[in-house]
Each structure stands twice: as C-alpha cells, then as structure tokens.
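Got your viewer open and ready? Load the model, turn on a cartoon view, and let's take a walk through it together.

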Amino acid sequence: MPRLTEAEYDALDEEITRNPPDVDSAKARRPVHMVTVDDLSADWLRIRAEAEHKSITEIIGELVREKIFAQTA
C-alpha cells in the first residue's frame, strides 16, 4: 500500500475526527482495522453495498472469503 502524503493524512485525520467509526460494544475488545483504497474501489464498494443493502464491511468480507476459497479449492 502506498504511503499517504501529508495532505492525504490530514484529510483522513479530519474525516475520522468528524465521522468516528461505529464500534459494536459486544466486539469492543477486538481491534478495529482500517484499509485505504483508491477512489474507483471506494465508489465500486459503496455502489455495490447500496445495491445489495449491505455494509461495505460485509462486501469486503465476502470478497475476501471468495478469494480464500478460490485459492484453497
């Protein structure tokens, strides 16, 4: 993953400060992972999540599980 520029870091910091991630108290002891993706990927994930009435996290999880299954099959 490419390193963030100072401007990108500042924008990400501001975005997270304005919109903190929701944390499920039942899972609070588990670490929260954040992934940075390019604009095309982010738009695709958002559109697919809206179309399937799922969260972006669910879409990413499905894609990862599909990839893992494909490599083990």
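Helices here are DSSP runs of at least four residues, numbered from the N terminus. With that in hand, go to α2 and step just past its end: you land on H53, whose phi is positive, near 55 degrees. Keep in mind that this is a predicted model. We'll come back to H53 after a look around.

**The whole chain**

Zoom out and color by secondary structure. The protein chain has 3 helices and 0 strands, and along the sequence the pattern reads α-α-α. Now show the surface. About 6,900 Å² is exposed, with carbon and sulfur atoms supplying 56% of that area. How many of the 73 residues count as buried? Just 5% of them do.

**Stop one: L12 in α1**

Select residues 6–18, which form helix α1, and pick out L12 inside it. L12 counts as partly exposed because its relative accessible area is 29%, and the cut-offs for that class are 20% and 50%. Show the side chains around it. Apart from neighbours within four places in sequence, L12 touches L4 and M34. Now add T36 and draw a distance between the two C-alpha atoms. L12 and T36 are 24 residues apart in sequence, yet their C-alphas sit 9.5 Å apart in space.

**Stop two: the start and length of α2**

Move on to D38. This residue caps the N-terminal end of α2, with a side-chain oxygen 3.1 Å from the backbone nitrogen of L40. Then select the helix itself, residues 39–52. α2 has 14 residues and spans 20 Å from first C-alpha to last, close to the 20 Å expected at 1.5 Å a residue.

**Stop three: salt bridges along α2**

Time to show charged side chains. Side chains of opposite charge can pair when their charged atoms come close. Across the whole structure, a search turns up 7 salt bridges.

Start with D43 and R46, whose side chains meet in a salt bridge at 3.9 Å, N to O. These two are 3 residues apart in helix α2, so about one helical turn separates them. Which class of exposure does each one fall into? D43 is partly exposed, at 37% relative accessible area, and R46 is partly exposed too, at 38%.

Next, select R48 and E52. Their side chains form a salt bridge of 2.9 Å, N to O. Both lie in helix α2, 4 residues apart, which is about one turn of the helix. R48 is partly exposed, with a relative accessible area of 22%, while E52 is partly exposed at 32%.

**Stop four: around E52**

Stay on E52, and add K54 to your selection. The side chains of K54 and E52 make a salt bridge as well, at 3.6 Å, N to O. K54 is partly exposed, with a relative accessible area of 31%. Which residues are linked with E52 in a network of salt bridges? Select R48, K54 and E62 along with E52, and you have the network on screen.

Now look at what else E52 touches. Leaving out neighbours within four places in sequence, E52 is in contact with I59 and E62.

**Stop five: H53, in the loop**

Back to the residue we began with. H53 is found in the loop between α2 and α3. Check its backbone angles in your viewer: phi is positive, about 55 degrees, although H53 is not a glycine. Is H53 buried or exposed? H53 counts as exposed because its relative accessible area is 74%, and the cut-off for exposed is over 50%.

**Last stop: a nonpolar patch**

Finish by selecting I56, I60, V64 and I68 and showing them as a surface. Together they make a nonpolar surface patch of about 310 Å². Then highlight residues 56–72, helix α3, and find I68 within that helix. I68 is partly exposed, at 48% relative accessibility.

For a parting view, keep the patch residues I56, I60, V64 and I68 in one color, and give the salt-bridge network of R48, E52, K54 and E62 another. Leave H53 labelled too, in the loop between α2 and α3.

How values were computed. Residues numbered from 1 in each chain as written. Predicted model: local features only at pLDDT ≥ 70, side-chain atom pairs only at ≥ 80, totals over all residues. Heavy atoms only, no water. Patch = residues over 30% accessible without salt bridge, like charges linked within 9 Å, V, L, I, M, F, W, Y side chains within 5 Å. Areas by Shrake-Rupley, 256 points an atom, 1.4 Å probe, with all protein chains shown as cover. Salt bridge = Lys/Arg side-chain N within 4 Å of Asp/Glu carboxyl O. Buried < 20%, exposed > 50% of the residue type's maximum accessible area, 1.4 Å probe, protein only. Contact = heavy atoms within 4.5 Å. Expected span 1.5 Å × (residues − 1). Polar contact = N/O pair within 3.5 Å; in protein donor to acceptor, adjacent residues only side chain to side chain.
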